[in-house]
Amino acid sequence: MKIRSLFAVALAVLALAACGPKKTAAQLELEQTAPAFTAGAHKRLVAMDLDATLTQHKTPLSDTARAALDKLGEKYHLLMVGGGGVERIHRQMLDYPIDILGNYGLEEARVIDGVWTITRHEKVAVDSAEIMRKTEFFREKYGYTKYYGDPVEFHESGMVTFGLLGTKAPKEEKLNFDPDKLKRRAIYKEVCDSFSNHSVFIGGSTSFDITPKQYNKYDAIMKYAAENGYSKDEIIFIGDDLEEGGNDSHVRLGGLDYIYVHDYRDFPELIKPLLSRP
Ligand SMILES: [Mg+2]
């Protein structure tokens, strides 16, 4: 009887563990292969992603996340690097004073003498008719013909967001749409081939982000680093989307050290090695 109840407890524990967030094989591999941050490494710049790294998608910065940033900021220069525009990121961070690269580097904002200031806002012309034609093709082919709001969002910078549920989908529906990104991964290569003059990222919760070819988070960080006197080995990146096609993937491919985040609630724990350094 005793053994039987022990067995029942063990089964219950296993069942509970199985209910936790599942990691894909690729995510597990990323965790194992993520360059270990060594105490002797001379890092000065912490660049990071926002959505699903520090906060839930498009959700305001929590007090916990803010406190973690405050602590990091005491030891490192901080840089937010996002797919969204700088103003949207700034609002989501509740005006937290931090340098931001937005739209994969098309936009930049810096804190100058304590004042958050937009310092660059590039605008690249896009052929909107061509974009619409191509995205409609994918909607028809894969059955994403029902959407909320507009089918495509054209950003001022020239970045395009192709959200499979449209621009005005309810938040819950968006979060439940493709949490493991499998729907978008299934057609990722085909979208890339179709937009061969662009960079394509699996961004946000339902969308593909499409930028002019030369824009991606790695090049954006390296440009910022060159302008501000940081060498490559002085930078560490924190992000959730480092897998192939992910909007942080160029950072890994470019060879920057990184910390991989599987669940944004782990952020304060994951940065402890950075904080424990003298
Ligand atoms: Mg992210």
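This is a walk through a predicted model of one protein chain, from its overall make-up to its sheets, its core and a few unusual loop residues.

Let us start with the whole chain. Its secondary structure comes to 11 helices and 11 strands. Of the 278 residues in the chain, 35% are buried. Contacts reach across the sequence too: among those between residues at least 6 apart, 59% join residues at least 24 apart.

A good place to look next is the sheet of 7 strands. This sheet is open, with mixed pairing, and its strands follow the order β5-β4-β3-β2-β1-β10-β11. At the edges you will find β5 (115-121) and β11 (257-260), each of which pairs on one side only. From one strand to the next, the twist averages 20°.

Now we can step through part of this sheet, beginning at β1. Strands β1 and β2 run parallel and pair over 4 bridges. Within this pair, Ala47 stands opposite Leu79 in β2. To follow the chain from one strand to the other, trace helix α3 (residues 63-75): β1, α3 and β2 make a right-handed β-α-β unit.

The next step has a similar theme. Strands β2 and β3 are parallel and are joined by 3 bridges, with Met80 standing opposite Ile100 in β3. Here the helix is α4, and β2, α4 and β3 make a right-handed β-α-β unit.

Strand β3 deserves a pause. In a regular strand, side chains alternate between the two faces of the sheet. In β3, Asp99 and Leu101 point one way while Ile100 and Gly102 point the other way, and all of these are buried. On the β4 side, Ile100 has Ala109 as its bridge partner. Strands β3 and β4 run antiparallel and are joined by 3 bridges. Their hairpin has 4 residues between the strands, and in it Asn103 takes a positive phi near 45°. From β4 (residues 107-112) we reach the edge strand β5, and these two pair in the antiparallel sense over 6 bridges. One pair of facing residues to find here is Glu107 and His121, the latter in β5.

Next, look for a helix that crosses this sheet. Helix α8 (residues 217-228) lies across β1 (45-48), β2 (77-81), β3 (99-102) and β10 (235-239). Its direction runs at about 145° to that of β2.

With strands and helix in view, we can turn to the nonpolar core. In soluble globular proteins, nonpolar side chains tend to be buried together. The largest nonpolar core in this model has 52 residues. Those with the most contacts inside it are Ala47, Met48, Met80, Val81, Ile221, Phe237 and Tyr258. This core draws at least three residues from each of two domains: domain 1 (42-122 + 215-275) and domain 2 (128-156 + 160-212). Phe237 makes a handy landmark: leaving aside residues up to four places away in sequence, Phe237 touches Ala47, Met48, Val251, Leu256 and Tyr258.

There is another sheet to visit. This open sheet has 4 strands in the order β6-β7-β9-β8, with antiparallel pairing. Strands β6 (153-154) and β8 (198-203) each have a single partner strand, so one side of each is left without a neighbour in the sheet. The partner of β8 is strand β9 (residues 207-212), and the two pair in the antiparallel sense over 6 bridges. In this pairing, His198 has Pro212 in β9 as its bridge partner. Helix α7 (residues 182-194) packs on the sheet, where it touches β8 and β9, and its direction makes about 170° with that of β8.

Finally, let us return to the loop between α4 (86-92) and β3, where Leu94 is found. Most residues other than glycine have a negative phi. Leu94, though not a glycine, has a positive phi of about 55°. Asp95 lies in the loop between α4 and β3 as well, and its phi is also positive, near 65°. Are these residues buried or exposed? Leu94 counts as exposed because it has 10 C-beta neighbours inside 10 Å. Asp95 likewise counts as exposed, with 10 C-beta neighbours inside 10 Å.

Terms used. Residues are numbered from 1 along each chain as its sequence is written. This is a predicted model: local features need pLDDT of at least 70, side-chain atom pairs count only at pLDDT 80 or more; totals for chains, interfaces and linings use all residues. Two strands pair if DSSP finds at least two bridges between them. Axes are lines fitted to C-alpha atoms, for helices over the stretch in contact, and angles run from 0 to 180 degrees between N-to-C directions. Two residues are in contact if their C-beta atoms, placed from the backbone, lie within 7 Å. A nonpolar core is a set of buried Ala, Val, Leu, Ile, Met, Phe, Trp, Tyr and Cys residues joined through C-beta atoms within 7 Å. A residue is buried if 20 or more other C-beta atoms lie within 10 Å of its own, exposed if 12 or fewer, and partly exposed in between; C-beta atoms are placed from the backbone. Domain bounds come from an automatic or database domain assignment. A crossover is right-handed if, with the strands pointing away from the viewer, the path from the first strand over the helix to the second runs clockwise.
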